[in-house]
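Colleague: Please take one part of this model and go through it slowly with me, explaining each term as it comes up.

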Amino acid sequence: MSTAAVALTDRFEVAGRAFHSRLIIGTGKYRTYEEMKAAHQASGAEMVTVAVRRVPLDRSSESFLDHLDPSLRILPNTAGCYTAEEAIRTARLAREALNTEWIKLEVIGDQTTLFPDNEQTLEAARILVKEGFVVLPYFTDDLIVAKKLLDAGCPAVMPLAAPIGSGLGIQNPTNLRIMREQLPKATIIVDAGVGTASDATIAMELGADAVLMNTAIAEAQDP
């Protein structure tokens, strides 16, 4: 098969929407809006995650939203939430503020490591799915939790590679490999701690459909 043919068919899907880029990017930690916009364009990404807490309710002043390519699928996230109730409330706010049903669900369980609270995440996911949200949950690389989240109606799961912002790379490759083997049809997006291009390559070799990178790109000398 030719390279061109591979490029045309190489895609993954979330909730019926196809994405040809397997990189999801973020909006935080960039030094300037211009730097963020340039990095987004260079990445070729089609989806960008934004922290709902950073979204200005009063759109009269300039914000990072004014510098996002309109072709990007915005994926709001509930970063900074520590309970299911708080995450659900934040997701509802995102739906109103950004006019989207998509949400990257984050419910933090530990303030130091920012590891997720899987129980609270599952509770919030079940409620949000029933309310019509497209829920992409961040959770530890736990196969059983992944199965429960998929059973709850999440169209994709986002296991962490390492603590958020650590850049440590994939710490438990065996867990991700088992997850792919046990869930061959699931959309798996590796999230958090992916620090280098080689880390992303390893994630794909382990069977991930895509990776999310923010800190590694935004804090690079030349994003």
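Modeller: What follows looks closely at the main core, at the helices that pack around it, and then at a few places beyond it.

This is a predicted model, in which local features need pLDDT of at least 70 and side-chain atom pairs count only at pLDDT 80 or more, while totals for chains, interfaces and linings use all residues. Residues are numbered from 1 along each chain as its sequence is written, and side-chain values use heavy atoms, with hydrogens and water left out.

A nonpolar core is here a set of buried Ala, Val, Leu, Ile, Met, Phe, Trp, Tyr and Cys residues joined through side-chain atoms within 4.5 Å. Buried means under 20% relative accessible area, exposed means over 50%, and partly exposed lies in between, using a 1.4 Å probe and protein chains only. The largest nonpolar core has 28 residues, and the members that touch the most others are I103, L105, L128, V135, F139, L149 and M179. At least two residues of this core come from each of α3 (84-98), β6 (102-105), α4 (118-130), β7 (134-139) and α5 (143-151), and the largest share, five residues, is supplied by α3. These helices (H or I, at least four residues) and strands (E, at least two) are DSSP runs, numbered from the N terminus.

One member shows how the elements come together. Leaving aside its neighbours within four places in sequence, L128 is in contact (heavy atoms within 4.5 Å) with I88, A91, I103, L105, F133 and V135.

Now to the way the helices pack. Axes are lines fitted to C-alpha atoms, for helices over the stretch in contact, and angles run from 0 to 180 degrees between N-to-C directions. Angles under 35 degrees count as roughly parallel, over 145 as roughly antiparallel, 65 to 115 as roughly perpendicular, and the rest as oblique. The axes of α3 and α4 come within 8 Å and cross at roughly 40°, which means that α3 is oblique to α4. This crossing of α3 and α4 is right-handed; a crossing has that name if the near helix is turned clockwise from the far one by less than a right angle, and is left-handed if anticlockwise. On the α3 side the contact is made by A84, I88, A91 and R92, and on the α4 side by Q120, E123, A124, I127 and L128. By character, the residues of this contact of α3 with α4 divide into six nonpolar, one polar and two charged, where Ala, Val, Leu, Ile, Met, Phe, Trp, Tyr, Cys and Pro count as nonpolar, Asp, Glu, Lys and Arg as charged, and the others, Gly among them, as polar.

Moving along the chain, α4 and α5 pack at an angle of about 10°, with their axes 9 Å apart, and α4 and α5 are therefore roughly parallel to each other. Here N118, T121, L122 and A125 of α4 meet V145, K148 and L149 of α5, a contact of four nonpolar, two polar and one charged residues.

Helix α5 also packs with helix α6 (residues 173-182), and their axes come within 10 Å and cross at roughly 40°, so α5 and α6 are oblique to each other. The crossing in which α5 passes α6 is right-handed. It is L143, A146 and K147 in α5 that meet I178, M179 and Q182 in α6, and these residues divide into four nonpolar, one polar and one charged.

After α5 comes P155, in the loop between α5 and β8 (158-159), and at 26% relative accessibility P155 is partly exposed. Apart from its neighbours within four places in sequence, P155 is in contact with V14, A15, V134, V135, L136 and T187. The C-alpha atoms of P155 and A186 are separated by 7.8 Å, although these residues are 31 residues apart along the chain. One contact partner of P155, A15, lies in the loop between β1 (12-14) and β2 (17-19). A15 has a positive phi of about 50° although it is not a glycine, and A15 is partly exposed, with a relative accessible area of 48%.
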